[in-house]
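Subject: Structure handover

Hello,

Here is the structure you were due to receive. My notes on it follow below.

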Amino acid sequence: MSVRTILIVDDEAASRYALRRALEHAYRIAEADGAAAAREALVRERADLVLLDIVMSGEDGMSFLRWMREAGHAQPVIVVSALDTARTAVEALKLGATDYLAKGFDVEELRKRVGNLLRLSALEQENARLRERLVTEGEFGQMLGATPEMRKLFEMAARVAETDTTVLILGESGTGKDLLAQEIHARSPRATKPFIALNCAALPENLIESELFGYEKGAFTGAAQQKKGKFELANGGTIFLDEIGDMNPVTQAKVLRALENRVIERLGSTQTIPVDVRVISATHRDLPAEISAGRFREDLFYRLHVVSLEVPPLRARKEDIPLLTAAFLKLHSANMSRTGQVARLSRDAMDALMHYDWPGNVRELKNALERSLVFARSEEITREDLPAEIINGAGIVRAGQPGAEDASLAELDFRDAKRKFEVAYITRQLERHKWNVSRTAATIGLHRQSLQEKLRELGIRRPGLVVPNDGAEE
């Protein structure tokens, strides 16, 4: 390994001499007697770490540190200052310093901290190189995809992860929008801070606001104690608003205010609370169409739509099915404590997977493989072990064949077509889960109560069963 370079920035020659003598036995040392000289030396000397004094003639160390971070220089910085105050240390750390030492420090302590930071920096650089290689090989955190569309998505997500930009993730249910959001956070400067997620479609309208902003004791009936909301819990980190297209207009207005002013108010309080969060949102809905219909605020859309990433449906990248299948079978085999054996798929079973249209996308593929593995009679999953809809090719529409045009698509009225689709889709999912509402809700990404409300709205009821409350068997 090559010798690492440390840049000492201090306007006092005696201080630079003392630091150089303490470290020159193990590192290459470069020096700068002020901020102006340090700007040139930082690039010229290819410094791996900076020791920075705060009080200097001309431009002080804080200004230089701010310039470093704004210019994209990510080297670790240890502030070394005669100002032994908590306020100075906190300010330096907020500007991007990695550590703080008051002058008069023990030499061994300095050497220890420098060594630890350089080792940590080397690990972070290696991890960055590894993550970049995985992206080019078709892996982004827990997401897999080797098709050109997925590799492009991963590359864009990797670039945006390094920034603090607001991100809107688009895509059908089951494509992995939540996994993409998690990995963007994990690769961001906020990675050590909280990642807080809320599914806006999984909660009744009257609960979303209290979940987002929290409430004070006594704010409403049942509020027995103060509760922090998701925005407050995510302070310093990332909040992920999944299915934001399902958020009601009143809550949309309050979210917009939080994004614009970076403050929130708990329910039952008039006190504002500052929050510093990165917002990643996701939806399967067509938000411009929702805006035209008056169901989504245009100003909130433009706040969220700074960078948009679209996850393609599985039917549009079927070349990834073998890759995903291998990963899921390995995962399921391990979870089921198989005796060191990873299940495999027969050729005819793989052919069935490749010809199925996957309306539930990657989530449906994962669940289908788990079910098939449960019922498989050997380590090889055959076509007969697959769910019936996959064997029969349900969901596939082939042009030119009888019935190729879905009956709901022939409707002239959009609302009628939408209702027919919802009835058919939800009924099919209920049948798959033997009309168990909880399991069906978990599969399609809805809260149980939200699904029950939808069943009542659409008049869906299990054939031959009368259930006044739920409309389906629990």
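**Phe296 and the cores**

Phenylalanine 296 touches Ile244, Gly245, Gln252, Leu287, Glu290, Ile291, Phe301 and Leu304, leaving aside residues up to four places away in sequence. Please keep in mind that this is a predicted model.

Phe296 belongs to the largest nonpolar core, which has 29 residues. Together with Leu212, Phe231, Ile239, Leu241 and Val255, Phe296 is among the residues that touch the most other members of that core. Two or more core residues come from each of strand E9 (195-199), helix H8 (205-213), strand E12 (238-242), helix H10 (249-261), helix H11 (287-292) and helix H12 (298-304). H10 supplies the largest share, four residues. There is also a second, separate core of 24 residues, and Leu7, Ala38, Leu95 and Ala97 are included in it. As background, nonpolar side chains tend to be buried together in soluble globular proteins.

**Overall figures**

The protein has 474 residues, 45% of which count as buried. It contains 19 helices and 18 strands. If one takes the contacts between residues at least 6 apart in sequence, 67% of them join residues at least 24 apart.

**Glu232**

Is glutamate 232 buried or exposed? Its relative accessibility is 15%, and the cut-off for buried is under 20%, so glutamate 232 counts as buried. This residue is found in helix H9, residues 230-233. Not counting residues up to four places away in sequence, glutamate 232 touches Ile264, Arg266, Ile273 and Val275.

**The five-stranded sheet**

Five strands form an open sheet in the order E9-E12-E15-E8-E16, and the pairing is parallel. E9 and E16 are the edge strands, each pairing on one side only. From one strand to the next, the twist averages 20°.

The individual pairings are as follows.

- E9 and E12 run parallel and are joined by five bridges; asparagine 199 stands opposite aspartate 242 in E12.
- Strand E8 (residues 167-170) pairs with strand E15 (residues 278-283) in the parallel sense over four bridges; here isoleucine 169 stands opposite alanine 282 in E15.
- E8 also pairs in the parallel sense with strand E16 (residues 307-310), over four bridges; leucine 170 stands opposite glutamate 310 in E16.

E9 and E12 also appear among the elements that give two or more residues to the largest core.

Which helix packs on the sheet, touching E8, E15 and E16? That is helix H6, residues 148-161, whose direction makes about 150° with that of E16.

**The H13 and H15 pair**

Two packed helices are described by the angle between their axes and the distance between the axes. For helix H13 (residues 321-335) and helix H15 (residues 361-375), the axes come within 10 Å and cross at roughly 50°. Angles from 35 to 65 degrees count as oblique, so H13 is oblique to H15. The crossing of H13 and H15 is right-handed.

On the H13 side, the contact is made by Leu324, Thr325, Phe328, Leu329, Leu331, His332 and Ser333. On the H15 side, Val362, Leu365, Lys366, Leu369, Glu370 and Leu373 take part.

Regards

Notes:
Residues numbered from 1 in each chain as written. Predicted model: local features only at pLDDT ≥ 70, side-chain atom pairs only at ≥ 80, totals over all residues. Heavy atoms only, no water. Core = buried A, V, L, I, M, F, W, Y, C linked by side-chain atoms within 4.5 Å. Buried < 20%, exposed > 50% of the residue type's maximum accessible area, 1.4 Å probe, protein only. Contact = heavy atoms within 4.5 Å. Pairing = 2+ DSSP bridges. Axes fitted to C-alpha atoms, helices over the stretch in contact; angles between N-to-C directions. Parallel < 35°, antiparallel > 145°, perpendicular 65-115°, else oblique. Left-handed = near helix turned anticlockwise from the far one by under 90°.
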